[in-house]
Each structure stands twice: as C-alpha cells, then as structure tokens.
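I opened this notebook to record what I looked up in one protein structure. The entries follow the order in which I worked.

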Amino acid sequence: MDKPAKKAIVIKVNGKEQPYTTATNVLPQWSNGESNERNEKQDDSIQFDSKRYKKRSPWHSFLLAIALAVVLGTSFGLFVLTIIPTTDTSSTATLQQEQKEEAPVAQRTETVFVVQGGVFQDAEAAKAYAQKIKGQHRPSVMVGKQPIYVFLGMALTKEEAKKIAGLYESLGIDTYVKAWNVSVDEKENEPFMTIVSAISLLLDGQQLSNEQWNELQSYSFHDEQMKKAYEALFAFRQTNDQAQLWAAQQHILNVLQ
C-alpha cells in the first residue's frame, strides 16, 4: 500500500513563504539584516518600557509634591506680609514713655524737727483735734496710723522748731518738739530743705536776703504741695500777710503725709 505523500508546511516570514518539512526539521533561517532589524525593535521596546517605568516612579511624584509645597508656602508668606500692617512705631514709643514715667523715683530721707500737738489711737479723735487747730488759723496735719500723730510745724533744727512751738503757747496749745524722718524726691531735696528753712526764719520774724529769695525763684517744683508753699511765700513777700506764711507752713507739712 502506498504511503501518503508528505505534505509540506509553509511558513511565512516577513511576507515570504518558506517550506518546513518534518523530514528536515529545520526552522527557517533569518537573514542578517532581518535579525538586526528584529533586535533593534526589541531594544526600542525595552527602552520604551524603561521610560514608561521611570515615569511611573513614586519618587518623581514625591519630589514634585515637595516643590509645589515650597512654592505655595512662599507665595502665602508674601501675601500675608502684604496684607498685615506693620507695627505702629508711635504706639511703641508711647508705651516706652509711659513705662519710663512709671519707673520708681529715687527718694532721699532727711531728718527734720517737727512740732507735735498730740498722739492718738483713734482716727476720729485725731481728726477732731486737727480741725480744732485749723479753727484757730494754724496749720495741722495727721501722719501715720495707730498711732496717729498731729504735727503743727516743721523746721530744720531743734532750736528753730522750738521757736515755732512758742507761737502756740499764746493759744493754750501744748506742743512737743522731736526729730522726724521724711522721704523726698531726690531731685527736689534741696528745694524742700530751702523752703522749710525760709518758713521757719520768717515765722521767727527774720527777713530773707535777696540772694535767698533769688535762690527760691531758681527752683522748679514738681511736687504740688511744695509748689503751693513756694507761691504762699512770695504772696507773703508782696503783702506781708502772716496768714500767707502759715499757709506756706501748712503746705510744707502736707509733704509729710
């Protein structure tokens, strides 16, 4: 029996038919040009896949997010600086001036001699006594708390204070002279001492020289009571009214409060 004829297998390679038989079992051969062309296509395909992988890399997205955040942050900062007004320098200067004015003033303690009218434990009793003295047109001031002192005059020396105390004897008022410490603004210490001395001398009937009056006029007073004492002294100089002299003594005694 005749064997059936073997059928040839035809394979198309690049559009060309090439026979393939089971007897030869030989695969079609690629020409050099076709092989190189195929390799180039494979290389291009690999490079394309590599680029596509790089584009999908998460590091690229991360760096892009950081750059975008920096740009947005800088832009927002500049925007805030443009809309927020700068600090008012005048307000700052005013605050510094207020703080400077509120700073504690240097004080200086001086020892003077006072004419004491009485000592009281009860505030109402001390007030009634002080009003009684003022009713006789003489100065008085209440100083301290339990005990409360009522002072009627002040001088720089004990001898001058005793002369002021003698002016109360005709009124039937008992007095006692003693030393007393007073705190005065350091800048007004000298004017304070000069006024106290001038009042005690004038109450003793003495006269002030032109140099002493000029010295009083050269001072600039900030304490209100010292200023009023100074004005009363010059009112006495012009009118020779003893009431102005006692008024000056009253104002200088108020400094002790």
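**Entry 1: The sheet and its strands**

I began with strand β3, residues 107–120, and found that it pairs with strand β5, residues 148–155, in the antiparallel sense over seven bridges. I noted that the model is a predicted one. Two of the positions along this pairing I looked up singly. G118 stands opposite V150 in β5, and the bridge partner of V119 in β5 is Y149.

I then turned to the pairing of β3 with strand β6, residues 176–185, which is also recorded as antiparallel, over 10 bridges. Here T109 has S183 in β6 as its bridge partner.

I next asked in what order the strands of the sheet stand. Four strands form an open sheet in the order β4-β5-β3-β6, with antiparallel pairing. The edges are held by β4, residues 141–143, and β6; each has a single partner strand, so one side of each is left without a neighbour in the sheet. On average, neighbouring strands of this sheet are turned by 55° against each other, direction ignored. As a general reminder, I wrote down that strands of a sheet pair through backbone hydrogen bonds, either parallel or antiparallel.

**Entry 2: Helices on the sheet**

I looked for helices that pack on this sheet. Helix α4, residues 123–135, packs on it and touches β3, β4 and β5. The direction of α4 makes about 30° with that of β5. Helix α6, residues 189–203, also packs on the sheet, touching β3, β5 and β6, and its direction makes about 80° with that of β5.

**Entry 3: A residue in α4**

I selected A130, which has its place in helix α4. Is A130 buried or exposed? Its relative accessibility is 7%, and because the limit for a buried residue is under 20%, A130 counts as buried. Leaving aside neighbours within four places in sequence, I found A130 in contact with S140, M142 and V150. V150 is the residue that stands opposite G118. I therefore looked up the separation of A130 and G118 as well: they are 12 residues apart in sequence and 9.2 Å apart in space, C-alpha to C-alpha.**Entry 4: Helix pairs**

I recorded beforehand that two packed helices are described by the angle between their axes and the distance between the axes.

The axes of α6 and α8, the latter spanning residues 224–239, come within 11 Å and cross at roughly 35°. The crossing of α6 and α8 is left-handed. From α6, the residues P191, F192, I195, A198, I199 and L202 meet M226, A229, Y230, L233 and F236 of α8. By class, I find 11 nonpolar, no polar and no charged residues in the contact of α6 with α8.

The second pair is α7, residues 210–217, with α8; these helices pack at an angle of about 145°, with their axes 11 Å apart. I noted that α7 passes α8 in a left-handed crossing. N210, W213, L216 and Q217 of α7 meet Y230, L233, F234 and R237 of α8. This contact of α7 with α8 has five nonpolar, two polar and one charged residues by class.

**Entry 5: The nonpolar core**

Which residues of the largest nonpolar core touch the most other members? Of its 53 residues, they are M154, F192, I195, L216, L233 and I252. The helix that gives the most to this core is α6, with nine residues. I followed L216 further: leaving aside its neighbours within four places in sequence, L216 is in contact with T194, I195, A198, L208, F221, Y230, L233 and F234. I added the general remark that in soluble globular proteins nonpolar side chains tend to be buried together.

**Entry 6: A glutamine in α9**

I looked up Q249, which lies in helix α9, residues 242–254. At 0% relative accessibility, Q249 counts as buried. Not counting residues up to four places away in sequence, Q249 touches P139, L152, G153, M154, I164, I199 and L203.

**Entry 7: The whole chain**

I closed with the totals. The protein chain has nine helices and six strands. Of its 257 residues, 28% count as buried. Among contacts between residues at least 6 apart in sequence, 65% join residues at least 24 apart.

Conventions
Residues numbered from 1 in each chain as written. Predicted model: local features only at pLDDT ≥ 70, side-chain atom pairs only at ≥ 80, totals over all residues. Heavy atoms only, no water. Pairing = 2+ DSSP bridges. Helix = DSSP H or I, 4+ residues; strand = E, 2+ residues; numbered from the N terminus. Axes fitted to C-alpha atoms, helices over the stretch in contact; angles between N-to-C directions. Left-handed = near helix turned anticlockwise from the far one by under 90°. Contact = heavy atoms within 4.5 Å. Nonpolar A, V, L, I, M, F, W, Y, C, P; charged D, E, K, R; others polar. Buried < 20%, exposed > 50% of the residue type's maximum accessible area, 1.4 Å probe, protein only. Core = buried A, V, L, I, M, F, W, Y, C linked by side-chain atoms within 4.5 Å.
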